[in-house]
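Visitor: I'm new to this structure and would love a close look at a single part of it. Please choose a helix, show me what packs against it, and then lead me outwards from there.

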Amino acid sequence: VKRDGRDSYMEYSPSFAEKNVSKIVLFEDLKKAIEENQLLLHFQPKYGLAHNQIEGVETLVRWKHPEKGMISPGEFIPLAEESDLIIQLGNWVLKEACYQYKVWEQQSYINFHLSINISPKQFLHPDFTDNIIQVLEETGMSPLKLDLEITESLAIENTESTIEKIQILKQYGIQISMDDFGTGYTSLSYLSMFPLDRIKIDRSFIQYLPDNKDHKAIVQSILTVAKNLNIRVTAEGVETQAQLALLHQLQCEEVQGFYFSKPVPPDSLLAHWNAQLMS
Ligand code: C2E
Ligand code: CA
Ligand code: CA
Ligand code: CA
């Protein structure tokens, strides 16, 4: 990079350049990772409070980089979302997770749904629904057990097309959850526009419970509205007994978080499930 253009070199400061080089390197590595099977899936249980049972498991992708070790999805998902790589990555996760579900079914009696995070670009892709149906057929997984976690921003920015697509998916019996609810400034009235099965209250509203009165009020309102609209509610990021006790008292139906389990590899997830069956 030449610095001959008076002020114009500002944006080429070393830190900027370095940042971008490492980003480009990471991007190339990620492309390779998908092809070379460096990605893997972990699963985090979601518990139903009525029966104290695992009701679903959330699929969370992991990247085991050959040199850098484990890289967090918080780092590489946003990178993938900047290009069409997220489509490829999302399709890989979808297929792999559905296959995993079938493997569990062969290993044991299971009765929980499988949640998969869907990025907005992936959801809005014209082939999305066809692709889902194809993967379900290919893997033999029941659509009734599949749950797609979509985001608030997707719903706000593409309301019409999102509603349309949700309706198609629901015809197959696929469940739809709205993830990270509360972070995207959606008003509660928005909820009635989407045929949702579930909303997940973002961890930022759970984190400071039970002490934070504002957050308690927000959680309470979400629960009240959701109940009236016949939408289930999951509280995410539950870490303490005190949080759990309050959520129980507020009649929240589902909880997920480190208090119960971190995301774990497939075998450990099945062990959790089997241990519960025996207790
Ligand atoms: P998310 O969908 O909101 O997933 C929940 C995140 O919170 C996960 O982080 C999970 O490990 C973490 N978590 C769960 N319980 C607790 C808790 O009690 N305390 C704390 N501090 N954290 C908790 P993770 O696995 O690092 O994933 C981060 C984000 O990356 C996810 O947020 C999701 O947006 C995205 N992501 C992960 N896998 C996929 C995927 O397959 N596809 C897409 N599109 N996005 C994914
Ligand atoms: Ca999620
Ligand atoms: Ca979430
Ligand atoms: Ca979140």
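Guide: Happy to! This is a predicted model, so let's begin with the confidence scores. The chain has a mean pLDDT of 92, with 94% of its residues at 70 or more. Residues 1–9 are a stretch to treat with care, as their pLDDT is below 50. Beyond near neighbours in sequence, this stretch has five contacts in the model. The scores for the model are ipTM 0.98 and pTM 0.93.

Our part is helix H3, which covers residues 85–107. Two packed helices are described by the angle between their axes and the distance between the axes. Let's use that description twice.

Start with H3 and its partner H5, which spans residues 128–139. The axes of H3 and H5 come within 9 Å and cross at roughly 30°. An angle under 35 degrees counts as roughly parallel, and therefore H3 and H5 are roughly parallel to each other. Their crossing is right-handed. On the H3 side, the contact is made by Asn91, Leu94, Lys95, Cys98, Tyr99 and Lys102. Facing them from H5 are Asn131, Ile132, Val135, Leu136, Glu138 and Thr139. Sorted by character, the residues of this contact are six nonpolar, three polar and three charged.

Now for another partner of H3, helix H11, made of residues 266–278. Here the axes come within 11 Å and cross at roughly 45°. H3 and H11 are therefore oblique to each other. This crossing, too, is right-handed. H3 brings Gln100, Trp104 and Gln107 to the contact, while H11 brings Pro266, Leu269 and Leu270. Four of the residues in the contact of H3 with H11 are nonpolar and two are polar, with no charged residue among them.

From H3 we can step outwards by way of Lys145. This residue sits in the loop that leads from H5 to strand E5 (146–151). Setting aside residues up to four places away in sequence, Lys145 touches Tyr101, Asn111, Phe112, His113 and Leu114. Tyr101 falls within the residues of H3, which brings us back to our chosen helix. Lys145 has a relative accessible area of 24%, so it is partly exposed. Lys145 and Ile174 are 29 residues apart along the chain, yet their C-alpha atoms are separated by 7.1 Å.

Strand E4 (113–117) is followed by a loop that runs to helix H4 (120–124), and Ile118 is found in that loop. With a relative accessibility of 4%, Ile118 counts as buried. Beyond its neighbours within four places in sequence, Ile118 is in contact with Phe123, Phe128, Leu148, Glu149 and Ile150. The C-alpha atoms of Ile118 and Lys68, 50 residues apart along the chain, are separated by 26 Å.

Ile150 also leads to Thr162, in helix H7 (residues 159–171). Apart from residues up to four places away in sequence, Thr162 touches Phe123, Leu124, Ile150, Leu154, Ala155 and Phe194. Its relative accessibility is 0%, so Thr162 counts as buried.

To finish, here are some backbone details to look up elsewhere in the chain. Asn52 has a phi near 55°, a positive value in a residue that is not glycine. You will find Asn52 in the loop between strand E1 (39–48) and strand E2 (53–65), and its relative accessibility of 53% makes it exposed. Asp180 has a positive phi as well, near 50°. Asp180 belongs to strand E6 (residues 175–181), and at 26% relative accessibility it counts as partly exposed. The last stop is a cis peptide bond between Leu209 and Pro210, with omega about 0°. Pro210 lies in the loop between helix H8 (203–206) and helix H9 (213–228).

Methods: Residues numbered from 1 in each chain as written. Chains lettered and ligands numbered in written order. Predicted model: local features only at pLDDT ≥ 70, side-chain atom pairs only at ≥ 80, totals over all residues. Heavy atoms only, no water. pLDDT = per-residue confidence, 0-100. Contact = heavy atoms within 4.5 Å. Helix = DSSP H or I, 4+ residues; strand = E, 2+ residues; numbered from the N terminus. Buried < 20%, exposed > 50% of the residue type's maximum accessible area, 1.4 Å probe, protein only. Axes fitted to C-alpha atoms, helices over the stretch in contact; angles between N-to-C directions. Parallel < 35°, antiparallel > 145°, perpendicular 65-115°, else oblique. Left-handed = near helix turned anticlockwise from the far one by under 90°. Nonpolar A, V, L, I, M, F, W, Y, C, P; charged D, E, K, R; others polar.
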